[in-house]
Amino acid sequence: MNKARLKAALIATLAFQLIIMGGVFINGFYPLWIGEEIRVKTVPVDPRDLFRGNYARLSYAFSNFESEDFRPGDVVYLPLTREGALWTAGEPDHQKPENGLFLRGRVSSSPWRAGSRLKFGIEALFAPKEKALALERELREEAVAVLRVAPNGRAALVTVDTIDN
């Protein structure tokens, strides 16, 4: 009887771990599967990191802000509006917009930087070394980030392109 209970507990534990890992996987790809594609202006910042490999770090105009109403760790909602081929961001808010497309992120800050940054999970594009270096050269001044935004505001970075494409 003890062996049967032990076996059942082990199977339940393994099943629970598989469900958690599956949830993490689905959560990461959810915006790519069902999200609406949008394009926003970005500026590539840095192509390499010793520990994380080759990537292009991206900066967005809507990522930097100063406000007394937000604290590091707060969830923030950023409404988006379409202006031609590109989308622009409105003012950050604590409340989820009732309609329209929006980004959901968190407030972060650094003690050595004035103001706060908004993080949405779209700040880095990982690429092989050659592609990361080519991105740095081609998109030095300004670029367009192609994102997929899910109905709940989660976003995923698809690619980075030149401003005229």
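Accessible areas here come from the Shrake-Rupley method with a 1.4 Å probe. With that in hand, let us walk through this predicted model. The chain exposes about 10,800 Å² of accessible surface, and carbon and sulfur atoms hold 56% of that area. Turning inward, 32% of the chain's 165 residues count as buried.

Next, the layout. The chain has two helices and eleven strands. If you start at the N terminus, you will meet them in the order α-β-β-β-β-β-β-β-β-β-α-β-β. Contacts give another view of the fold: among those with a separation of 6 or more, 60% join residues that lie 24 or more positions apart.

Now to the interior. In soluble globular proteins, nonpolar side chains tend to be buried together. In this chain the largest nonpolar core has 27 residues, and the members that touch the most others are Ile38, Val40, Tyr60, Leu103, Leu147 and Leu157. At least two core residues come from each of strand 1 (36-44), strand 3 (53-59), strand 5 (75-83), strand 7 (102-108), strand 10 (143-149) and strand 11 (155-161). Strand 10 supplies the largest share, with four residues.

Leu147 is a good place to pause. Which residues does Leu147 contact once its neighbours within four places in sequence are left aside? They are Glu36, Glu37, Ile38, Val40, Tyr60, Ile122, Ala156, Leu157 and Val158. Of these, Ile38, Val40, Tyr60 and Leu157 are also listed among the core members with the most contacts to other members.

Val158 takes us from Leu147 out to the surface, where Val158 joins Phe25, Ile26, Phe29, Leu32, Trp33 and Ile34 in a nonpolar patch of about 650 Å². Helix 1 (residues 2-34) is the main contributor to this patch, giving six residues. Phe25 sits in helix 1. Is Phe25 buried, exposed or partly exposed? Its relative accessible area is 47%, so Phe25 counts as partly exposed, since that class lies between the limits of 20% and 50%.

Finally, have a look at the sheet. Strands of a sheet pair through backbone hydrogen bonds, either parallel or antiparallel. Here five strands form an open sheet in the order 4-8-7-5-6, and the pairing is antiparallel. Why do strand 4 (64-65) and strand 6 (86-89) each have one side without a neighbour in the sheet? Both stand at the edges with a single partner strand, so one side of each is left free of a neighbour there. For strand 4, the antiparallel pairing with strand 8 (residues 116-119) runs over two bridges. Phe65 has Ser116 of strand 8 as its bridge partner.

Key:
Residues numbered from 1 in each chain as written. Predicted model: local features only at pLDDT ≥ 70, side-chain atom pairs only at ≥ 80, totals over all residues. Heavy atoms only, no water. Core = buried A, V, L, I, M, F, W, Y, C linked by side-chain atoms within 4.5 Å. Buried < 20%, exposed > 50% of the residue type's maximum accessible area, 1.4 Å probe, protein only. Contact = heavy atoms within 4.5 Å. Patch = residues over 30% accessible without salt bridge, like charges linked within 9 Å, V, L, I, M, F, W, Y side chains within 5 Å. Salt bridge = Lys/Arg side-chain N within 4 Å of Asp/Glu carboxyl O. Pairing = 2+ DSSP bridges.
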